[in-house]
Amino acid sequence: MIPTSTRMVVLRGRPGRGADPTPDLFAIEERPIPEMQTGQLLVRNIAMSVDPSMRGRLDLGEKHYTTNFEVGQPLDGSAIGQVIATEGGIPVGAVVRHRAGWREHAVVDAETVAVVDPDAAPVGAWLGILGQTGFTAWVGLKRIGELHAGDTVFVSAAAGAVGSAAGRFAKLLGAGRVVGSAGGPDKVRELVQHLGLDDAMDYRAESPRQAVSRLAPGGIDVYFDNVGGPHLVAALKNMTVGGRVALCGMISQYADNGRGEDINNLIEAVLRRVTIRGFIVRDHEDMRPEFEHTVTAWLASGDVQVLQTVTDGIDHAVEGFLGMLKGANVGKALVRLDPTWEI
């Protein structure tokens, strides 16, 4: 039976300046499903992604690379689902990745979705290690960071979704030494004992500026930045001559009052002839076929494992999102919307 309404997460209000988002800013509502038009699909969502970049979309500023969430309207974001009705040429039963998350069902334009193979990898992997998360790590290391064999790589937020992928990929792509940062001793142990990093620091217990020189005594060739602020300054002060910085995200800067450390530290980039390049992964789609081919093979061989933290049910979606912002996840943070699927 085709549903006529669906539950979704709606934004009720915005955080105050400098304030963390709280559960009362969101509500779950049941709303009618729009009638499908020619070229559209009705999808039952299996799982959705919650990402650090969504924090910037809660405000009215420009600290994001898409659009602001609108008060009174449902949130959106990457999701994976199964087609249950079609007017768009993609058959019923196909599993597709799309941008209408934060709801249990979605009507989407067929031309905007990507059909994925649930037999090649678990469906959750197509939102994580085989999705934008892993692709971001791939682009940041290979094209932006210009990773060379033997390089020393430092990854901030290395237990998070993109960071954990970047750390594992760097090793497999030939880095000589890979080090990272994470919040808390348990995550530091995870990075070294299970994810294969050579060393890591707990930024809550140790100053990044002091720790980075210990982790990479010979200097950093590539810094994969997910944090900004003190982490970026620490990296700049420990770069090798000709080092490269891939600016992926700056979670420390997403709140309205996020300032970080003084920009005068950029003199380090001059003194060390460092290349600093920001990037948005959607500008590099030409790299996706190579990425998917390589990482699918790594998954099959066991060189890479799916690493994710799953919250179950749309009723707990906000809980999963806010927990991710506070670092409660290891690997990709997902919300399972259809309990009948293994993700």
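Buried, as the word is used on this tour, means under 20% relative accessible area. The model on screen is a predicted one, and the stops below move from its central sheet through the packed helices to the aromatic rings.

**The sheet**

Begin by selecting strands 8 to 13, which form an open sheet of 6 strands in the order 10-9-8-11-12-13, with parallel pairing. Strand 10 (199–202) and strand 13 stand at the edges, and since each has a single partner strand, one side of each is left without a neighbour in the sheet. Looking along the sheet, you can follow how neighbouring strands are turned against each other by 15 degrees on average, with direction ignored. Within the sheet, zoom in on strand 8 and strand 11, which run parallel and are joined by 3 bridges; Val-153 has Val-222 in strand 11 as its bridge partner.

**Helices across the sheet**

Next, add helix 3, which lies across strand 8, strand 9 and strand 11 and runs at about 170 degrees to strand 8. Then add helix 4, which lies across strand 9 and strand 10, running at about 170 degrees to strand 10.

**Ser-181**

Which strand holds Ser-181? Select strand 9 (residues 177–182), where Ser-181 is found, and note that Ser-181 is buried, with a relative accessible area of 0%. A polar atom of the Ser-181 side chain lies 3.3 Å from the backbone nitrogen of Ala-157. Leaving aside residues up to four places away in sequence, Ser-181 touches a set of residues that includes Phe-154, Val-155, Ser-156, Leu-191, Met-201 and His-231.

**The nonpolar cores**

Now show the largest nonpolar core, which has 52 residues, and in which Ile-80, Ile-129, Val-153 and Phe-169 have the most contacts inside the core. Among the elements that give two or more residues to this core are strand 3 (40–49), strand 8 (152–155), helix 4 (185–193) and helix 8; helix 2 gives the most, with 6 residues. Centre the view on Ile-129, whose contacts, not counting residues up to four places away in sequence, include Ala-165, Phe-169, Phe-291, Val-295 and Leu-299. Apart from the core of 52 residues lies another core, of 21 residues, among them Met-48, Leu-75, Ala-79 and Ile-314.

**The aromatic pairs**

For the last stop, display the aromatic rings: a search of the whole structure finds 9 aromatic pairs. How are the rings of Trp-138 and Phe-169 arranged? Their centres are 6.2 Å apart and their planes stand at 80 degrees, so the pair is edge-to-face, given that planes over 60 degrees apart count as such. This pair links distant parts of the chain, with Trp-138 in helix 2 (residues 132–144) and Phe-169 in helix 3 (residues 161–172), 31 residues apart. Trp-138 counts as buried at 1% relative accessibility, and Phe-169 counts as buried at 0%.

Move on to Phe-224 and Phe-279, whose ring centres are 6.3 Å apart and whose planes are at 80 degrees, so that this pair is edge-to-face. Here Phe-224 sits in strand 11 (residues 220–225), whereas Phe-279 sits in the loop between strand 13 (275–278) and helix 8 (288–301), 55 residues apart. Phe-224 is buried, with a relative accessible area of 0%, and Phe-279 counts as buried at 9% relative accessibility.

Finally, select Phe-135, Trp-138, Phe-169, Phe-291 and Trp-298 together, which ring pairs link into a cluster.

Note on methods
Residues numbered from 1 in each chain as written. Predicted model: local features only at pLDDT ≥ 70, side-chain atom pairs only at ≥ 80, totals over all residues. Heavy atoms only, no water. Phe/Tyr/Trp six-rings, centres within 6.5 Å; stacked < 30°, edge-to-face > 60°. Helix = DSSP H or I, 4+ residues; strand = E, 2+ residues; numbered from the N terminus. Buried < 20%, exposed > 50% of the residue type's maximum accessible area, 1.4 Å probe, protein only. Polar contact = N/O pair within 3.5 Å; in protein donor to acceptor, adjacent residues only side chain to side chain. Contact = heavy atoms within 4.5 Å. Core = buried A, V, L, I, M, F, W, Y, C linked by side-chain atoms within 4.5 Å. Pairing = 2+ DSSP bridges. Axes fitted to C-alpha atoms, helices over the stretch in contact; angles between N-to-C directions.
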